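Colleague: I've just opened this one and could use a quick tour. Can we go through it together?

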Amino acid sequence: MFYARQGMFDPALVALAATLAIGFSGIPGLFLRKPGLGQKSSVVITIFASLAGLAASLQLLFNKTTTTYLIHWNLPFGSCELAIDSISAFFLMPVFLVVGAGSLFSLGYWPAVKNQETEPVLTFFYGLLASSMGLLLMARNGVFFIIAWEIMALSAYFLLVTEHEQKDVRRAGIVYLIATHTGTAALLVCFSLLAAQTGSFILPAAGVLSAMSPFAGVIALMAFIGFGAKAGIMPLHIWLPSAHANAPSHVSAVMSGVMLKMGVYGIFRTLTFFNDPPLLWGGILAIAGIASAILGIAFAVAQRDMKRLLACSSIENIGIITTGLGVAMLGVSSHNTTLVYLGMAGALLHILNHSFFKPLLFLGSGIVIHATGTREMDQMGGLGKVMPRAALLFLVGSVAICGIPPLNGFVSEFLLYIGFFSQLKASSLTYLVLLAPMLALVGGLATIAFIKLYSSIFLGTPRNSNATAPHEAVFTMLAPPALLAVLCLMVGIAPQFALRLVFPAIEAFYPQLATADLSAEYGAILGEMSLAGLLLLATVILVTLLWRWRMSLSNISSATTWGCGYQRGTNRMQYTGTSFSELAVSVFNGIMHQRVERPTIRGLFPSSTYCSDIPTETLLERVIVPVFSLVGKLFGFLHRLQHGLMHIYMLYIFATLFILMLWAH
Amino acid sequence: MITLADQLLVLVLLINFISLGTSRLIFSIRAVAAQGVILGILPGLIHPFSWHLVGITIVIIAVKGFVIPLMLGRAVRSAEIKREVEPFLGFVSTLLLGAVFTALSFGFAGRLPMLPEHQNYMFVPASIATLMSGFLILTTRRKAISQVIGYLVLENGIFIFGLLLAQAMPIMVEAGALLDLLVGTFVMGIVINQISREFSSLDTSLLTSLKEE
């Protein structure tokens, strides 16, 4: 019966309809007077559309044929094609999943009744952001792609400045706007050059362009800058931490879990155009990737704001994905199928995994913020006792993101490790093995960062007694992260099935792979791993049960966590997150500066005083801000042209027109 | 038919001079409305009949000839101003400049590399002259309502040019032009409203106080 239906519903059409439905879901809310109705209808539409879209994109992923839709748009940029091949379908999955989850979460996190002013706008732009991401994945026309890209960038901006009465939020918005438009400028160059090469704005099919032509290098570089700025690859990441930190949590989840991936998709798609990429491209991607991973996680370790920490860890994860992409490109250039497969499988699986655990953590942080009203980790503590469910979900996400088995983060990093080591005995590309210790370093630092995050939020005792009494979250806020946590566990336990999801996209990227049976080989390895994972999980559950049973037999006396045996330990005696990570941060002193403001202490009995330390980012504070202020000074004379007299502005246009007319003669 | 179109274009040019030379806002608005109606008739004269064309004609006449002028008239009445009192440049000098620009645009249009079948029509010079008049009004007048009038004249100039370019106007172009007009009027409406509320006058030169330091 299912197959009979398949003929009736074209999955591509379902995916397109779902995308549009999500995009329009926020519109009724803009006009309804009564708060709440618009939000509820939007959530219902979004969830149903997401489910339909998710099913459709799964089906499309395994479809060999690609349906192409044509939009009649009367614009002078060629025909506007929409198509969903397996690459698009693969990237569509996180879009639908995270958007649906975030939408349900918003019901409890940003209730319309309490936020009558901001909610309709937030809901509207949330749908628009999701819809534009879906459309840009389907776009096969450069101009349409840029249009969708800009809608995405701008709706993300409006979501980000939801709480625009705060100065930090406005600043984050401006930085984001500058960064994203710098990226778009590069993309305009990229797509114009592509159009000049192929003669139309239709995006070229896989492997059509030669990478040896003089423009290929420029196109690839511009794509790297434009898409890299969105993905947050170092050094184009400056907008990312403050933007993610200041947006509402479900928006941060979508931004980090999905929007960054659009940058990766762009790089990925651009690379498919070329048939013989030079070794240099893969090298640059791998190095930029691993550098982002290390620096990103080093920044994360130093953060005090939990959402900033998560944002910096996104930079790290994007770095890991880019490294995998770079390794795969090195494989393409050297015609090494194993390397292509492992690099690509690692990168794509990590994209999927990151879109599970990062939204999980962002939604978890939303629960925490909702409960405590602050983002400062050093103000929290002991929340595990009042909100055990949220704590468990957060723990799953943290373990997954650190790459610890039996969760999903481990699987993708494992594939990358095999990739690095696979060339150890080969004659070329031996140096790839050097990436392995770096990735290990990243993993170690991630563990530090997330121990800091988890323990300073959920363990210990409350550090700030002023905080309002925290409470466990409502069902609509717990269900989405719980779903994501289950997905994390499922991919971790049964990685061989996740590998099947990834394969069609790899095949589309590198068709020569179809003949190789690498997939079966590594599927078998992962199958063994899944047994080990199951065993580990069983052990964990068994030990927990034993421990519970043992505890129930004896008397339990409770004392302060980390009280160090003192009878009257106070909450000020425990480690704070900052003190925990101080050593690790000091190692990276050059790139990550910890500005410590110490009071001077005089006399035998000094009065009470405070010491604070603020993590600062060297690149932003030492390079980018000074450069921008210098540019601002140099162009100060232009301010005189902007005097506010409208007539003279008109005169400028008039004069320009006149001069151009005279010029023509 | 073409000769009739040319005669109508002459009328359009004359209306430009009316709106350049008069200080009475209501008169100016009516002149522009008349210009809008003429422009609405023009497509019917130069393109073969189709229902599409009828639709365009009706919409253009309705919007340019009635809706916008009525709105402007209401704005004038509610703001209780009748005249443009002190323009940046006097009416006589504006008129003279308008004459100079009209002459220049005829000279310029003569040198444009055009298709031979367009060579003898007045569309291009009339379009450029109207555009220039619009610019003149925009730059020399002080009141926000005069600015809107200038904007409308400018848009009419662009519209005349569009008539020539598009054999059968694609829907996108019409939509673009009409949207432009709507947005422009809308923005100016907001400007008018805000200026009169903030400064209790409609003098756009007061906007300098909004300038960023």
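What follows is a short chat about this predicted model.

Colleague: What ipTM does the predictor give the complex?

Modeller: Keep in mind that this is a predicted model. The pTM of the complex is 0.81, and the ipTM is 0.76.

Colleague: And what pLDDT does chain B average?

Modeller: In chain B, 74% of the residues score at least 70. The average pLDDT for chain B is 79.

Colleague: How many helices and strands does chain B have?

Modeller: Read from the N terminus, the elements of chain B go α-α-α-α-α-α-α. Buried residues account for 38% of its 213 residues. As for the tally, chain B has zero strands and seven helices.

Colleague: Over in chain A, where does the largest nonpolar core lie?

Modeller: The domain assignment splits chain A into domain 1 (1–265), domain 2 (277–547) and domain 3 (589–598 + 610–635). Residues for this core come from both domain 1 and domain 2 of chain A, so the core lies between domain 1 and domain 2.

Colleague: Which residues touch the most other members of that core?

Modeller: The core holds 205 residues. Helix H14 (residues 337–372) of chain A gives the most to it, with 20 residues. Setting aside neighbours within four places in sequence, A:Leu348 is in contact with A:Phe90, A:Val502, A:Ala505 and A:Ile506. The two that touch the most other members are A:Leu348 and A:Cys488.

Colleague: How many residues are in the second, separate core?

Modeller: Its members include B:Val32, B:Ile60, B:Tyr151 and B:Leu163. The count for this second core is 47 residues.

Colleague: Which residue is the bridge partner of A:Ile71 in E2(A)?

Modeller: Strand E1 (residues 68–71) of chain A pairs with E2(A) in the antiparallel sense, over four bridges. Strand E2 (residues 80–83) has an uncovered face with A:Glu81 and A:Ala83, while A:Leu82 and A:Cys80 make up the covered one. The partner of A:Ile71 is A:Cys80.

Colleague: How far does helix H18 of chain A reach from its first C-alpha to its last?

Modeller: Helix H18 (residues 435–458) has 24 residues, and at 1.5 Å a residue the expected value is 34 Å. After H18(A) comes A:Gly460, with a positive phi near 75°. The reach of H18 is close to what is expected, at 34 Å.

Colleague: Is A:His335 buried or exposed?

Modeller: Look in the loop between helix H13 (306–333) and H14 of chain A. Most residues other than glycine have a negative phi. A:His335 has a positive one, near 55°. With 10 other C-beta atoms within 10 Å, and 12 or fewer being the cut-off, A:His335 counts as exposed.

Colleague: Which two residues does the cis peptide bond with omega of about 5° join?

Modeller: Most peptide bonds are trans. Here, one partner of the cis bond is A:Pro406, in the loop between helix H16 (388–401) and helix H17 (408–422) of chain A. The bond joins A:Pro405 and A:Pro406.

Colleague: Last one: how far apart in space are A:Met661 and A:Ala186?

Modeller: A:Met661 sits in helix H24 (residues 646–663) of chain A. It is partly exposed, with 16 other C-beta atoms within 10 Å. In sequence, A:Met661 and A:Ala186 are 475 residues apart. In space, C-alpha to C-alpha, they are 31 Å apart.

Key. Residues are numbered from 1 along each chain as its sequence is written. Chains are lettered from A and ligands numbered from 1 in the order in which they are written. This is a predicted model: local features need pLDDT of at least 70, side-chain atom pairs count only at pLDDT 80 or more; totals for chains, interfaces and linings use all residues. A nonpolar core is a set of buried Ala, Val, Leu, Ile, Met, Phe, Trp, Tyr and Cys residues joined through C-beta atoms within 7 Å. A residue is buried if 20 or more other C-beta atoms lie within 10 Å of its own, exposed if 12 or fewer, and partly exposed in between; C-beta atoms are placed from the backbone. Helices (H or I, at least four residues) and strands (E, at least two) are DSSP runs, numbered from the N terminus. Domain bounds come from an automatic or database domain assignment. Two residues are in contact if their C-beta atoms, placed from the backbone, lie within 7 Å. The expected span of a helix is 1.5 Å times one less than its number of residues. Two strands pair if DSSP finds at least two bridges between them. pLDDT is the predictor's confidence in each residue, from 0 to 100.
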